[in-house]
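Let's walk through this model together, beginning with how its domains meet and then moving on to a few strands and side chains.

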Amino acid sequence: MTEANPEAAQGGVVRTLTLELARVTERAAIAAARLRGQGNEKEADQAAVDAMRRELNLLPVDGTVVIGEGERDEAPMLYIGERIGRGGGAEVDLAVDPLEGTTLCAKDMPGAISVMAMAERGSLLAAPDVYMQKIAIGPGYPPGLVDLDASPADNIAALARAKGVHPSQITAIILDRPRHMNLVSAVRATGAGIRLISDGDIAGIIFTTSPEETGVDIYLGTGAAPEGVIAAGALRCIGGQMQGRLILDSADKRERAARMGIADPNRKYELTDLARGDVIVAATGVTDGALLKGVRFKPGVIETETVVYRSSTGTVRRILGEHRAQRFEG
């Protein structure tokens, strides 16, 4: 285990933690991957949670989960407010999703990942586990080109003009949910194409950063807030624009948000409101997908693929891990 080294901090987060975060998501991904295709979403999610918690508690940090899968009364998930790490190091915030795409893992479908973000204390939006309305595009566009409050037609038209193409050459990525029926109709009315995804909106947002490779230009729709904050962290590292608004559509949700310091329940968050400062994001594939290869179990060896982003340096590292299988037994 790498020792804490405050002198190695560049932009606030200890530099050596980059590899440590990869180890955390690798362990969670391997635990979940053992249950691929077995049809039990909760069991796979719990396996990933338990593995991630064990590894996080070995880190030389004083960490707090500010975005998680649940709140205090929902433990044993990694809950909002949970303290993480063995102390003696940097004070950090964590946004975690031990298994994004529980259904994908349970059905052994493409795109399940284990993912987390770490930043300096106070740098990640602390919010209840609710839905978030989101819009995101990749880098290279004028600031404010698209807006959460603009119509789908206006956003598609603005993006097409900026790219110098017809709207029919724009592709939006949207979660395939009944709540998005009107959104899908509005986007298709512009002539733009849509890639519907069953799960995995962190990857969906990341896809907008390289449309020449992914064919995705814009993310639209409503998904979970934890994924929104983690995706914002990734965009801070690799470029792009994003806005989000928490869906606080009940008195209980508004009260929970207020207790966490959210004074305006209708606030529209910009990218740096969601994630600022020095941010590290790590993701490991559980099942094969467009972003990452899934875990491979071979005789005596377990193989993983992980991507790690860091905002202060703008680096993207891909790590191919080869782990001795006996270390994961028991």
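Start at the boundary between the two domains: across it, the rule turns up two residue pairs in polar contact, both at pLDDT 80 or more. Keep in mind that pLDDT comes up here since this is a predicted model. On the domain 1 side, the elements that supply two or more residues to the contact with domain 2 are strands S1 (61-67), S3 (90-100), S4 (113-120), S11 (279-285) and S13 (301-310), plus helix H3 (102-106). S3 gives the largest share of that side, four residues. Sort the residues on this side by character and you get 16 nonpolar, six polar and four charged.

Now step back to see what is being joined. Domain 1 is made of two stretches of the protein chain, 16-123 and 279-327, while domain 2 covers 131-274. Their C-alpha centres sit 23 Å apart. In terms of contacts, 26 residues of domain 1 touch 20 residues of domain 2. Together the two domains bury about 1,800 Å² between them, with 71% of that on carbon and sulfur atoms. And how many salt bridges does the rule find across this interface? The count there is zero.

Salt bridges do turn up in the model, though: by this rule the count comes to 20. One to look at is the pair Arg121 and Asp62, whose side chains meet at 3.9 Å, N to O. This pair ties together distant parts of the chain, 59 residues apart: Arg121 sits in the loop between S4 and strand S5 (131-137), and Asp62 belongs to strand S1.

Next, follow S5 into its sheet. Six strands make up an open sheet with mixed pairing, and the order to trace is S7-S6-S8-S5-S9-S10. Strand S7 (193-197) and strand S10 (269-270) are the edge strands; each has a single partner strand, so one side of each is left without a neighbour in the sheet. At the S7 end, the partner is strand S6 (residues 171-175), and the two pair in the parallel sense over five bridges. If you want a spot to zoom in on, Leu175 has Ile197 in S7 as its bridge partner.

Finally, go back to S13, one of the elements that domain 1 brings to the interface. S13 is joined to strand S14 (residues 315-324) by ten bridges, and these two run antiparallel. Within this pairing, Val301 stands opposite Arg324 in S14. The two strands form a hairpin with four residues between them, and in that hairpin Gly314 takes a positive phi near 70°.

Key: Residues numbered from 1 in each chain as written. Heavy atoms only, no water. Domains from an automatic or database assignment. Contact = heavy atoms within 4.5 Å. Buried area = accessible area lost by both parts, 1.4 Å probe. Salt bridge = Lys/Arg side-chain N within 4 Å of Asp/Glu carboxyl O. Polar contact = N/O pair within 3.5 Å; in protein donor to acceptor, adjacent residues only side chain to side chain. Nonpolar A, V, L, I, M, F, W, Y, C, P; charged D, E, K, R; others polar. Pairing = 2+ DSSP bridges.
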